[in-house]
Structure formats: C-alpha cells, structure tokens
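Dear colleague,

I am passing on the structure we spoke about, with the sequence alongside. My notes on what was found in it follow below, and I would be glad if you could read them with the coordinates open.

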Amino acid sequence: MSHLAKFAIKNYLPRLTAAFFVVWFAFTMWYLWLYIDDYIGKGIEAGVVLRTLGLQALPLVPGSLPLAILFSAIIYYGDLGESSELTALKSSGISLARFVKPQFFLVILIAIGSFFFNDTIIPKAQIKAFQTYYDIANKKPAVNIKAGVFYKDIPNQIIYVGSKESDNQTIHDVKIYDHSKGQE
C-alpha cells in the first residue's frame, strides 16, 4: 500500500467511525423516543431494557452506514480543501481519482461487510428483540391502560377506565365489555 493510500485511510477512518456512531446514536434515540412508553413503569431491570435496546439498535446500522460515509467524506474532503492539501496533491501531479481510490475500496469493503451483517446478524437480533419486546409490553398490561381510552389488547375483552390516580395502581369507573360470544 502506498504512502498516499495509508495517509488517506488513516485520516478518513476516524471521521467515518465518529460519524457512524453519531448517526447511529441519533437513530437509536429516535427508536427510544417512539417506544419509551412500553418500557417505563413496568419494574423491568435496567439490564433487560438495555439488552432490548441494543438488539433493536442493530437493525439501525444499515441506515446509519450510508449517512456516516457521506458525512465523513464531506468532512474529510472539506478539511483537505481548507488546509490546501488537495491543491498540493493536484500540483504534485496526483489525480483526484487516484487519491479517492483507497476510500472507494474501503467503502466497497464496508458494503460487503454490511451485506453479510444484514444477512446473518440482523435477523437473529430482530427475533430476539421482538420476543423480549413482546414480553416487556405484556409484563404488566394494567400499566398500559390509560384513562379515558378503550383498552383492546386482551382477546375478546375491552376495558374502559374512567380515571386513574397518580400511583398508577388505583383506577375508577371501570367498564369491562365481554365480546367472547359476539357483541354484548
């Protein structure tokens, strides 16, 4: 590997890594924001919640990688242009295509690795995550019942709670509709 390729890869990889983790963290926080209600107030251990979030964060990798590659390339070549290193490369007779070639091959390797990651690891992680998420969501279904809303997650039953106290255990004006023999 030439000195130019080593220089290019050595300076590009830290930016790529940082950009990947920033984008991945943003996507993970988006996921957490969507499903935080299913985790809060159920008395679930922190380790179980973190394991579930970790498993749910793995499928976010394929969406994070392209954005990270784009952001890191913009930052990398912007820094090279700002410090006049691109001008120095052009004046020394090195074409931009020759300078970009190591990053191109690195991105091709990342794409191949991403394909195998998507094909092997993500399906297994999603199965485990959905099983754990289902167990968490159904651990204390009474906590999911909100005041003034019809709760339909119990088969053949619909529950209506008029009001709920702040202790999240005491409920008032409860109506239970039994639909096991049709509409009643």
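Helix α3, which runs over residues 61-82 of this predicted model, has 22 residues and reaches 31 Å from its first C-alpha to its last, a span close to the 32 Å expected at 1.5 Å a residue. The buried residues of this helix are Val-61, Ser-64, Leu-65, Ala-68, Ile-69, Ser-72, Tyr-76 and Leu-80; seen down the axis of α3, they fall within an arc of 135 degrees, so they line one face of the helix. On the face turned away from that buried side, α3 carries the exposed residues Ile-74 and Glu-82. After the helix comes Ser-84, whose phi is positive, near 65 degrees.

As to how far these details may be trusted, the protein averages a pLDDT of 83, and 89% of the residues score at least 70. Confidence is highest in α3, at a mean of 91, and lowest in helix α6 (residues 141-144), at a mean of 58, which you may wish to keep in mind when reading the end of that range.

Turning to the interior, the largest nonpolar core holds 20 residues, of which Tyr-12, Leu-16, Tyr-76, Phe-99, Leu-106 and Ile-110 touch the most other members. Two or more residues of this core are given by each of α1 (3-39), α3 and α5 (96-137), and the largest share, seven residues, comes from α1. Leu-16 shows how these parts meet: leaving out residues up to four places away in sequence, Leu-16 touches Ala-68, Ile-69 and Ser-72, as well as Leu-106 and Ile-110. There is also a second, separate core of eight residues, which includes Val-49, Leu-60, Tyr-133 and Ile-136.

One further residue deserves a look, and the question I would put to it is this: is Ala-57, in helix α2, buried or exposed? Ala-57 has 6% relative accessibility and therefore counts as buried, the cut-off for that class being under 20%. Ala-57 is found in helix α2, which covers residues 46-57, and, leaving aside neighbours within four places in sequence, Ala-57 is in contact with Trp-24 and Thr-28. The C-alpha atoms of Ala-57 and Trp-24 are separated by 7.9 Å, although the two residues lie 33 residues apart along the chain.

With best wishes

Notes. Residues numbered from 1 in each chain as written. Predicted model: local features only at pLDDT ≥ 70, side-chain atom pairs only at ≥ 80, totals over all residues. Heavy atoms only, no water. Helix = DSSP H or I, 4+ residues; strand = E, 2+ residues; numbered from the N terminus. Buried < 20%, exposed > 50% of the residue type's maximum accessible area, 1.4 Å probe, protein only. Contact = heavy atoms within 4.5 Å. Expected span 1.5 Å × (residues − 1). Arc of directions from axis to C-beta. Core = buried A, V, L, I, M, F, W, Y, C linked by side-chain atoms within 4.5 Å. pLDDT = per-residue confidence, 0-100.
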